[in-house]
Amino acid sequence: MNESSSSKASQSTIIDISNLYLTFETQTEPVHALSDVNLQVNSGDFLSFIGPSGCGKTTLLRVIADLEKPTSGTISVEGQSPHEARLNRSYGYVFQTPALLPWRNVESNIHLPLEVSGYSKHEQKKLSQHYLSLVGLSGFEKKYPWQLSGGMQQRVSIARALSFDPGMLLMDEPFGALDEITRDRLNEELLRLWQETQKTVVFVTHSIPEAVFLSNKIVVMSDRPGKIIDIIETNFPKDRTFDIRETPEFLEASQRVREALKEGHNDGS
Amino acid sequence: MNFLTIFRFRSLRGLLCLVFSVLTFISLQLNEINDHALNPFMVIIIAAVSLALFVNRQQGIFLLSICFAALFYGVWSVLSLIHSLNADTIIGLDVWLFVSALWFLTWHNLVQLSAIKTKDKFMELFLTVVIPLLFGSWIFFLWEVITIGMSVPQVLLPSPSLIWQVFDGAGATLLADFNQTFVRSAIPGFIMGSGAGFIIAIAADKTPFLQRGLIPIGNFFSAIPVVGIAPIMIMWFGFDWQSKAAVVAIMTFFPMLVNTLVGLNETDKIDRDLLHTYATNYWRELLSLRLPNAMPFILNALKINSTLAMIGAIVAEFFGTPIVGMGFRISAEVGRMNIDMVWATIAIAALTGSIFYGVFALLERKLTFWHPSMRKS
Amino acid sequence: MMEANRIFNNLISGSVGPVMILVTIIIMVWYAGAVYLNSSFLIDRYEKNNVNWSFSELASDSWSMERPVLPSPHQVAKELKRTIWDKKITSKHSLVFHSRVTLSSAMLGFVMGTFLGIGLSVGIVYVSALDRTLMPWIIASQTIPILAIAPMIIVVLGSIGIVGLFPKATISTYLCFFPVVVGMVKGLRSPDKILLDLMNSYSASKAQVFWKLRIPASMPFLFASLKIAIALSIVGAIVAELPAGAQGGLGARLLSGSYYGQTSLIWAALITASVISATLVSVVGRMERLINNRMGLQT
């Protein structure tokens with residue numbers, strides 16, 4: 001409790017979304033991907049979007065990343081438009097698949113954003129060393145992505161997103177394709193990274209335990225049209241481990257998320 | 001069925017080899033003894049080896065070496081026999097039976113070699129070179145035996161040994177032809193055509209409109225018999241190498257254009273999104289993502305073009321050329337019935353083509369090692 | 001207005017619009033090229049005869065020359081009309097006649113090459129010794145400039161009494177079988193291991209695995225190869241017709257055009273050959289779509 005109130009004082013709004021709508025024009029009929037979305041993300045938050053597939057959670061993340069343009073409404077990222085934020089490289093994005101370039105080895109995949117941003121060779125080397133050790137992949141520098149397991153590839157992808165030290169990490173179901181054991185381990189590691197780097201994380205998932213375990217704010221969304229139903233805040237200690245999954249508080253939070261999802265589903269149908 | 005299962009664990013090829021060598025021996029005994037006959041002793045050796053193959057269940061390296069020794073001995077004696085014949089003598093049934101026996105022995109050896117599984121890189125390389133080489137040598141051997149043994153007229157098909165002699169006698173002419181056709185026509189044309197195709201593809205890539213139009217048109221032009229433009233090019237650029245280089249340039253242009261365009265479009269959306277999040281500019285994206293992704297396509301085009309360049313340069317020479325060049329040589333010597341010279345030219349063309357192709361195949365392995373089709377399983 | 005706009009947008013966003021515009025540009029460049037390439041000869045003639053000439057005269061003269069370096073598109077079109085519609089199809093001057101000669105040997109070669117290619121690929125996939133011995137030679141075979149020795153093969157085969165369709169078709173066969181072998185070897189090996197395991201779990205025979213799994217799986221590869229092969233078969237047939245004395249065919253037409261300096265004849269033959277090639281490729285493409293639809297594959 002103490003910790004959260006003290007951090008609240010230093011918190012500032014890093015992403016501010018109001019009245020956001022996004023409609024895709026298709027051949028048959030327009031698809032309302034996002035409808036009247038209002039959301040504030042504070043600096044240092046670990047915020048998850050959860051909802052059924054097709055509810056627009058990925059679209060919302062892509063709007064924040066300036067990979068999609070909203071139809072109407074306002075959105076600011078670090079006080080700028082998403083476009084400016086992208087040009088300033090203020091976030092690292094982790095995709096559903098690792099999206100590593102097969103002709104570059106692990107190290108030089110991590111160098112890619114650094115090359116783009118104009119870091120010196122020396123700095124590139126130093127940063128890739130640092131972030132590879134942070135994700136526990138020291139010694140794999142010269143391996144090629146296709147020589148690694150899926151979990152390792154996604155770790156490289158996370159190291160790459162962190163490498164240029166952006167303020168935010170945007171993650172789009174990064175562990176969705178991994179087996180549960182690997183996923184659990186990466187969840188714990190991600191939590192540790194969040195704690196160590198003090199970054200703001202926006203995380204998309206469709207797994208309730210993952211959302212509850214990782215986040216301090218869970219944004220529950222419904223589909224058709226995609227909108228926010230509920231925002232659930234949790235208050236677990238930052239250095240939590242998987243043991244909390246057995247606690248009544250965890251189960252209660254999961255239950256609330258589940259109920260909100262059900263409610264959204266009933267509304268929609 | 002039951003009868004066949006007996007042989008399942010034994011070498012059928014060994015049995016066939018045995019049968020044919022025994023038949024050879026019998027036919028040798030039936031014939032009158034003359035100076036130009038097979039050595040019966042050697043036939044017995046081959047028969048013994050094949051018996052060993054047939055009886056023995058374990059096909060070890062020792063037996064394989066013996067097989068090879070016997071095979072080389074047999075081939076060598078057949079070759080020396082046919083070369084000792086008079087020009088018009090036709091070899092008898094015994095030799096054909098013996099060659100058949102040797103074929104089954106070769107086949108056995110090939111199968112044995114192919115079955116070797118090895119993790120050793122050097123050994124693997126050795127096998128991938130030696131197995132096809134062995135097969136190829138057998139084809140040349142058969143060619144030699146047929147052409148000499150059956151006294152095939154030289155105008156129809158000269159023997160390999162005769163073709164080989166041409167390199168001695170007419171080396172300078174062949175070199176001049178090579179220079180004219182490959183060095184002065186094929187290479188510049190290849191570079192111009194592939195280079196232009198690549199540059200236009202990059203230029204068109206920026207305008208999706210051009211791209212969508214160029215791919216079908218390029219496909220259409222790739223499908224047309226471009227050799228047909230040779231007479232036109234000769235009219236425009238004269239008889240010398242310039243017109244041939246132009247034909248080659250046009251032939252190689254479209255495969256490169258289409259392949260590069262398709263390759264540049266092959267990128268995954270997710271990878272483009274990734275670079276988008278880094279706020280990369282167009283050229284950086286081209287260099288870091290789309291060109292590397294197009295590499296397999298570009299190298300494929302280079303491989304196709306390497307064979308097209310040779311063909312284009314030679315065929316273009318049929319329509320008119322100064323009195324030098326491989327295409328000229330082929331058409332002129334066909335007219336004079338100097339078929340051995342023609343084959344020597346063909347051999348050079350094939351060898352050059354193989355090496356030219358091989359260079360790009362190697363380059364492909366080096367540059368696109370990461371592509372799923374190139375990865376070692 | 002909106003409707004027209006939409007149609008325009010559809011045209012531009014598809015490939016029809018861009019292709020049409022590019023073809024128009026190519027024809028314009030062709031006209032310009034005809035002026036450029038034919039002008040030096042014309043200017044020489046003007047100067048010899050002391051004629052005052054203007055650019056428009058030069059242009060119209062260069063588009064209507066008797067023996068131009070580059071005939072204009074409408075001259076070629078006229079030649080096409082003359083040799084396709086105006087002549088009887090049995091006439092030696094009819095392009096339809098010559099096309100039929102080329103087409104028949106190309107088709108025979110294509111069919112033989114396809115069967116040869118499929119046969120070899122089955123052998124290579126099932127017999128590992130063949131894979132190692134034959135495959136490198138099949139690749140090497142294509143570095144022999146068969147197109148270059150095609151005339152010689154025709155002459156040699158002719159001298160031992162083999163004449164007519166077959167020798168020409170063998171050239172097409174030689175060119176066709178290669179893409180088919182390469183594509184089919186890939187295609188027959190394309191089924192996932194998991195599907196092969198599935199068939200094994202039914203204890204399917206080798207023949208059943210072949211017909212029910214390998215063959216259907218290889219269809220996309222086969223058609224990709226056939227599209228290349230059918231275009232090559234035309235090239236092969238044309239080159240096979242090049243040796244002097246060939247009775248008919250587009251290749252003989254090309255050669256006589258080049259011999260007599262009748263450029264519009266060359267261009268007409270060339271365009272006919274291209275149209276035939278493109279038509280054949282699209283026929284194979286249509287068959288591919290038909291079979292893919294039947295197999296429930298998306299094209």
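**Asking why: helices, a chain contact and a buried Phe**

Q: Why are α8(B) and α15(B) called oblique to each other?
A: In this predicted model, the axes of α8 (residues 171-205) and α15 (residues 339-367), both of chain B, cross at roughly 45°. Angles under 35 degrees would count as roughly parallel, and roughly perpendicular covers 65 to 115. The crossing angle fits neither range, so α8(B) and α15(B) are oblique to each other. Their axes come within 11 Å, and the crossing is right-handed.

Q: Which residues make the contact of α8(B) with α15(B)?
A: On the α8(B) side you'll find Leu174(B), Asp177(B), Phe178(B) and Phe182(B), and on the α15(B) side Ala344(B), Thr345(B), Ile348(B) and Thr352(B). Sort them by class and you get 5 nonpolar, 2 polar and 1 charged.

Q: Over in chain A, what makes α4(A) oblique to α5(A)?
A: Again, look at the angle. The axes of α4(A) (residues 106-117) and α5(A) (residues 121-134) cross at roughly 125° and come within 9 Å. Roughly perpendicular stops at 115 and roughly antiparallel means over 145, so α4(A) is oblique to α5(A). The crossing of these two helices is right-handed.

Q: Where do α4(A) and α5(A) meet?
A: Glu107(A), Ile110(A), His111(A), Leu114(A) and Glu115(A) come from α4(A). Facing them from α5(A) are Gln124(A), Leu127(A), Ser128(A), Tyr131(A) and Leu132(A). That contact has 5 nonpolar, 3 polar and 2 charged residues.

Q: How many residues of chain B are in contact with chain A?
A: There are 15 from chain B, in contact with 17 residues of chain A. On the chain B side, α12 (269-277) and α13 (282-316) are the elements that give two or more residues. The most come from α12(B), with 6. By class, the chain B side has 7 nonpolar, 4 polar and 4 charged residues.

Q: How do you know whether Phe203(A) is buried or exposed?
A: Count its neighbours! Phe203(A) has 27 C-beta neighbours inside 10 Å. Being buried takes 20 or more, so Phe203(A) counts as buried. This residue is found in strand β7 (residues 200-205) of chain A.

Q: Which residues does Phe203(A) touch, leaving aside its neighbours within four places in sequence?
A: They're Phe46(A), Leu47(A), Ser48(A), Met171(A), Leu214(A) and Ser215(A). Take Phe46(A): it sits 157 residues from Phe203(A) in sequence, yet their C-alpha atoms are 7.4 Å apart in space.

Terms used: Residues are numbered from 1 along each chain as its sequence is written. Chains are lettered from A and ligands numbered from 1 in the order in which they are written. This is a predicted model: local features need pLDDT of at least 70, side-chain atom pairs count only at pLDDT 80 or more; totals for chains, interfaces and linings use all residues. Axes are lines fitted to C-alpha atoms, for helices over the stretch in contact, and angles run from 0 to 180 degrees between N-to-C directions. Helices (H or I, at least four residues) and strands (E, at least two) are DSSP runs, numbered from the N terminus. A crossing is left-handed if the near helix is turned anticlockwise from the far one by less than a right angle, and right-handed if clockwise. Two residues are in contact if their C-beta atoms, placed from the backbone, lie within 7 Å. Ala, Val, Leu, Ile, Met, Phe, Trp, Tyr, Cys and Pro count as nonpolar, Asp, Glu, Lys and Arg as charged, and the others, Gly among them, as polar. A residue is buried if 20 or more other C-beta atoms lie within 10 Å of its own, exposed if 12 or fewer, and partly exposed in between; C-beta atoms are placed from the backbone.
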